[in-house]
Amino acid sequence: MKNVLVITYSQSGQLAEIAARIVAPLESAGHRVHVETLLPETPYPWPWPVIDFIDAFPECVQLDPPPLKPLVIPVGIDWDLVIITYQVWYLSPALPVTAFLQSPHAALLRDKPVVTVVACRNMWLSAQQTLKRLITDLGGQLRDHIAFTDSGHPLATFITTPRWVLTGKRDRFFGLPPAGVAAPEIEGARRFGSALARALHADEERSGRPMLTGLRAVTVIPRLAMSERAGFRAFKVWSKLIRAFGQRGQWRRRPLLLVFAVYLVTLIITVVPLSLLVQWLLSPILKGRMAALKAELEQPSGSADHLIEPHAP
Ligand SMILES: Cc1cc2nc3c(=O)[nH]c(=O)nc-3n(C[C@H](O)[C@H](O)[C@H](O)COP(=O)(O)O)c2cc1C
């Protein structure tokens with residue numbers, strides 16, 4: 001029997017559902033699992049009022065989270081595996097998980113194998129890079145990464161995700177697909193739990209190697225990766241600038257937040273489709289580079305799927 005710590009936080013319940021699918025096979029296999037649900041001292045709203053939604057941006061990118069309520073992680077347990085689940089807020093880890101990684105509790109990650117699980121619209125590369133850096137700085141060893149994304153077209157999700165987050169409605173809308181991770185994908189999260197349960201029985205968590213290859217843990221779309229990189233660079237500059245005008249909730253930074261919101265919408269309706277079009281046109285020339293980029297960004301767990309069948313529920 002192994003000890004597994006799962007860190008989670010969810011607003012709509014989507015990430016909580018995914019975490020539950022991963023945990024179930026671990027528990028059935030006899031491992032002891034503690035699920036720690038992060039609770040911000042002041043809860044974030046769901047759905048988000050538009051002002052609060054935009055005001056959260058600078059602190060997300062600058063990794064400056066408000067505090068959490070005291071955690072109830074059992075003490076004195078030598079964790080064999082830590083699973084950190086998170087969502088992406090403004091191309092960065094959601095503030096509750098950032099708060100956890102900056103809390104004294106995160107010291108428990110030292111020398112521990114860590115699996116990260118993200119569920120978001122579709123842009124998680126920058127957030128994962130940040131998370132990986134935070135985990136490595138704490139002495140943790142990132143062993144695997146699993147990404148669940150919205151299966152809708154990237155341009156459709158620019159409408160359906162904000163609609164979901166700002167109104168709570170995620171149903172089909174003007175011919176656009178429902179927002180969020182599709183139900184069969186959520187159900188399929190069980191395969192990662194069963195693979196981890198078997199890996200723990202075989203002491204594979206101590207091997208230093210990934211445990212979830214062959215299960216299509218991640219699928220990177222290189223065209224989106226390029227837009228994301230450019231967007232994240234701009235986000236860093238904007239977030240610093242807005243913070244120079246005032247702290248979270250202060251009125252004096254709101255005019256600049258409004259300018260940022262206009263910039264963001266303009267970017268989404270002009271630059272993003274244009275860059276996707278240019279990359280599509282150049283795809284015959286960029287094919288080799290894109291394939292190399294895809295393979296690099298899909299590390300450590302990869303997009304191969306030859307082992308999905310044996311782990312199917
Ligand atoms: C403030 C905020 C910012 C977000 N920014 C992004 C983003 O940059 N990229 C992305 O793929 N999803 C983004 N999302 C969507 C979330 O990652 C997530 O899919 C959604 O909030 C539902 O997660 P949950 O109900 O499990 O908490 C954002 C959501 C919120 C609330």
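User: Which residue does Pro-113 stand opposite in S7?

Analyst: Start with the general idea: strands of a sheet pair through backbone hydrogen bonds, and the pairing is either parallel or antiparallel. In this predicted model, Pro-113 stands opposite Gln-141 in S7. S6 and S7 run parallel, joined by eight bridges.

User: And how many bridges link S3 and S6?

Analyst: Five, again in the parallel sense, between S3 (residues 81-86) and S6 (residues 113-120). To follow the register on screen, take Val-82, whose bridge partner in S6 is Val-114. Then take Thr-85, which is partnered by Val-117 in S6.

User: What is the strand order in the open sheet?

Analyst: The order is S2-S1-S3-S6-S7, five strands with parallel pairing. S2 and S7 (141-149) are the edge strands; each has a single partner strand, so one side of each has no neighbour in the sheet. From one strand to the next, the twist averages 15 degrees. Now add helix H1 (residues 14-28), which packs on the sheet and touches S1 (3-8), S2, S3, S6 and S7. The direction of H1 makes about 175 degrees with that of S1.

User: Back to S6. Which of its residues point one way and which the other?

Analyst: The rule of thumb is that side chains in a regular strand alternate between the two faces of the sheet. In S6, Pro-113, Val-115, Val-117 and Ala-119 point one way, while Val-114, Thr-116, Val-118 and Cys-120 point the other way. Both sets are buried. With eight of its eight residues buried, S6 is largely enclosed by the rest of the structure.

User: Which residues touch the most other members of the largest nonpolar core?

Analyst: In general, nonpolar side chains of soluble globular proteins tend to be buried together. The largest nonpolar core here has 69 residues, and those touching the most other members are Ile-83, Val-88, Val-97, Val-118 and Leu-196. Try Val-88 as a centre for your view: leaving out residues up to four places away in sequence, Val-88 touches Ala-94, Val-118, Cys-120, Met-123, Trp-124 and Ala-127.

User: Where does H4 stand, mostly covered or not?

Analyst: Mostly covered: in H4 (residues 95-102), seven of the eight residues are buried. They are Leu-95, Pro-96, Val-97, Thr-98, Ala-99, Phe-100 and Leu-101. The cover over the buried residues of H4 includes S1, helix H3 (57-61), S3, S4, S5 and helix H5 (125-137).

User: What about H11, is it buried or in the open?

Analyst: The number of buried residues among the 15 of H11 is zero, so H11 lies largely in the open. Its geometry is worth a look too. A straight helix of 15 residues would span 21 Å, but H11 (residues 283-297) spans only 18 Å between its end C-alpha atoms. There is also a bend of about 35 degrees in H11 at Arg-289.

User: On to backbone torsions. Which residues are joined by cis peptide bonds?

Analyst: Keep the baseline in mind: most peptide bonds are trans, and most residues other than glycine have a negative phi. One cis bond joins Trp-46 and Pro-47, with omega about -10 degrees. Pro-47 sits in the loop between S2 (32-37) and helix H2 (50-55). Another cis bond joins Gln-299 and Pro-300, with omega about 0 degrees. Pro-300 belongs to the loop between H11 and helix H12 (308-311).

User: What is the phi of Leu-91, and what is the phi of Arg-216?

Analyst: Leu-91 is not a glycine, yet its phi is positive, about 60 degrees. Leu-91 lies in the loop between S4 (88-89) and S5 (92-93). Leu-91 counts as buried because it has 23 C-beta neighbours inside 10 Å. Arg-216, also not a glycine, has a positive phi near 45 degrees. Arg-216 lies in the loop between helix H8 (190-201) and helix H9 (222-245). With 20 other C-beta atoms within 10 Å, Arg-216 is buried.

User: How many residues apart along the chain are Arg-229 and Leu-91?

Analyst: They are 138 residues apart along the chain, and their C-alpha atoms are separated by 9.5 Å. Arg-229 is in helix H9. Arg-229 has 14 other C-beta atoms within 10 Å, so it is partly exposed.

Conventions. Residues numbered from 1 in each chain as written. Predicted model: local features only at pLDDT ≥ 70, side-chain atom pairs only at ≥ 80, totals over all residues. Helix = DSSP H or I, 4+ residues; strand = E, 2+ residues; numbered from the N terminus. Expected span 1.5 Å × (residues − 1). Bend = angle between axes of the 7 residues up to and from the residue. Buried ≥ 20, exposed ≤ 12 C-beta atoms within 10 Å, placed from the backbone. Pairing = 2+ DSSP bridges. Axes fitted to C-alpha atoms, helices over the stretch in contact; angles between N-to-C directions. Contact = placed C-beta atoms within 7 Å. Core = buried A, V, L, I, M, F, W, Y, C linked by C-beta atoms within 7 Å.
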